[in-house]
Amino acid sequence: MSFLRRLAPQTIAAQIACLVVVAVVLGVGMASAALFHFFYFSQAGANADILPAVRAARIAGIVRKAEGAHTPRDLEQMLATARSPAVTVTQVSVQDLASLPAPDQSETDFVKAIKSRLERNFGVTPLPFARDNAIFVKIDGDLALQFESSPTMFPLHNLALIETTCALAVITVMVLLLSLYALKRITAPLSAIALAARSFGGDSDESGALKGAGPREIKQVAEALRDMSERMRNLVDERTHMLEAISHDLRTPLTRLRLRAERLPDVGTQANMLQDIGLINDMVGETLAYLRDGRSGEDARLVDLPSLLQTVCAQFSDIGHDVTYRGPPHFAFSCRAHVLSRAVANIVDNATKHAGCVTVALQSPDERTARIEVSDDGPGIPAALREKAFEPFFKGDTARPSGRSGFGLGLSIAREIVRGQGGDIELQDHKPHGLTVVLSLGEPIFRRDERSSRFA
């Protein structure tokens, strides 16, 4: 069943086209079968009196023409003209028929009826011989004609069957082509709407794709999506401006608190207050960076990716962390260098909080793709929490305990930056223990002032 499901058409156009074709084939096929049954199978019984008389008249006419032939050549030409799919006629010698038996009870009623009408209506007496229900009529002293007549008006293998099959094929092809053309006009606006919905949040103008060309129902869907996207954009802008304003305004009272804490005579109380103020200040900074990186105006440019990664590793090595780089010495790659550097730095910083050794590895399958792996030897993250680890402000310290605590924004910022550059990020196990964060960068599609999907 799974194999059949894979073969089934997936798009609306293909499914409707297949249904139309199947309906046409079944309809025309059933009609053709009914006609065939009526003409080829039921006709002999329905015309038990008419059809033998028609055959007898046909045979009598051929016999009269054959008797009027003056030469064997004229006879052969006449017989060639008289032959048809319904009546087959050949020349036989009367001497060759002498050894044939007389007609018996196995002779069909159709042949008996033809012989009876030949004698009664046309004065033609068939020879008293039997062979495969053939009819023999003597036309000369030593020459006879052998007639083989089908009980149907037209045999199944005649031209009518071929014509019907061709007509069915032509109808099917025409219906298929017209269906595909009509469905393409119907489903094309749906594809444009899907593309506009997928690109929502970037700087591309999706209003053009949401104009709603096509049938009335598609226009209504496009209009509803356009209104919804405008409302969502307004809500996102309002929330973003509010968070930026709150985060920015918090820095002023934090600065005053720091100044007052530094004047406290109690050294212990002063240290605790400064530590708390520092944590709040760091959280405000990360929040502003989270909002700012989601709307980065940096353009893509060609950079040496190994140099960028080595610089990040050096920043952490200089303050005492065991962070090393492994990969090619040079590799030119088009990316947003500043925000990509921040994404890798966030991942490395998160790894150094929970592990002693961190390795940044680079793989470049081709010039348009890159794979960055940040591996550590820490306790890792359970599989059930890996997707939640990318949520903003998610604290996974219960899974990876450490003395240093973050604010749950590092991985969120990293994933939004990587996805904004046409890639993706995932968490994997690092053997024998630890965690590997894999950044897969494909051929990027960059947009100016791109808004991240987290604001949608």
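These notebook entries record what I looked up in a predicted model.

**Entry 1: the sheet**

I began with the open sheet, which has 5 strands in the order 5-7-8-10-9 and mixed pairing. I then asked why one side of strand 5 and of strand 9 is left without a neighbour in the sheet. Strand 5 (322-326) and strand 9 stand at the edges, and each has a single partner strand, so one side of each lacks a neighbour there. From one strand to the next, I noted an average twist of 20°.

**Entry 2: pairing of strand 10**

I looked up the pairing of strand 9, residues 424-429, with strand 10, residues 435-441, and found it antiparallel, over 6 bridges. As a register mark I recorded Glu426, whose bridge partner in strand 10 is Val438. The two strands form a hairpin with 5 residues between them. In the turn, Gly434 has a positive phi of about 120°.

Strand 8, residues 369-376, is also joined to strand 10 by 6 bridges, and these two strands run antiparallel. Here I took Arg371 as the mark; Ser440 is its bridge partner in strand 10.

**Entry 3: helix 13**

I next examined helix 13, which lies across strand 9 and strand 10 and runs at about 130° to strand 9. Is helix 13 mostly covered or mostly uncovered? I found that 9 of its 11 residues are buried, so I entered the helix as mostly covered under the cut-off of under 20% relative accessible area. The buried residues include the charged Arg415 and Glu416, as well as Leu411, Ile413 and Ile417. After the helix comes Gly422, with a positive phi near 80°.

**Entry 4: helix 12 against helix 13**

Two packed helices are described by the angle and the distance between their axes. For helix 12 and helix 13 (residues 410-420), I noted axes that come within 8 Å and cross at roughly 145°. The crossing is left-handed. On the helix 12 side I listed Val339, Leu340, Arg342, Ala343, Asn346 and Ile347; they meet Gly410, Leu411, Ile413, Ala414 and Ile417 of helix 13. By class, this contact has 8 nonpolar, 2 polar and 1 charged residues.

**Entry 5: nonpolar cores**

In soluble globular proteins, nonpolar side chains tend to be buried together. Which residues touch the most other members of the largest nonpolar core? Among its 41 residues, they are Val348 and Ile372. Helix 12 (residues 337-352) gives the most to this core, with 9 residues.

I followed Val348 further, leaving aside neighbours within four places in sequence: its contacts are Val312, Phe316, Val323, Val358, Val360 and Val374. Apart from this core lies another, of 23 residues, among them Ile62, Ala82, Val111 and Val137.

**Entry 6: two single residues**

I looked up Phe110, which is found in helix 7 (residues 109-122). Phe110 has a relative accessible area of 15% and is therefore buried, the limit being under 20%. Phe110 and Pro52 are 58 residues apart in sequence, yet their C-alpha atoms are 6.5 Å apart in space.

I then turned to Glu76 in helix 5, residues 72-82. Is Glu76 buried or partly exposed? With a relative accessible area of 37%, Glu76 is partly exposed. Leaving aside neighbours within four places in sequence, I found Glu76 in contact with Arg83 and Gln91. Glu76 and Ala66 are 10 residues apart in sequence and 8.9 Å apart from C-alpha to C-alpha.

Terms used: Residues numbered from 1 in each chain as written. Predicted model: local features only at pLDDT ≥ 70, side-chain atom pairs only at ≥ 80, totals over all residues. Heavy atoms only, no water. Pairing = 2+ DSSP bridges. Helix = DSSP H or I, 4+ residues; strand = E, 2+ residues; numbered from the N terminus. Core = buried A, V, L, I, M, F, W, Y, C linked by side-chain atoms within 4.5 Å. Buried < 20%, exposed > 50% of the residue type's maximum accessible area, 1.4 Å probe, protein only. Contact = heavy atoms within 4.5 Å. Axes fitted to C-alpha atoms, helices over the stretch in contact; angles between N-to-C directions. Left-handed = near helix turned anticlockwise from the far one by under 90°.
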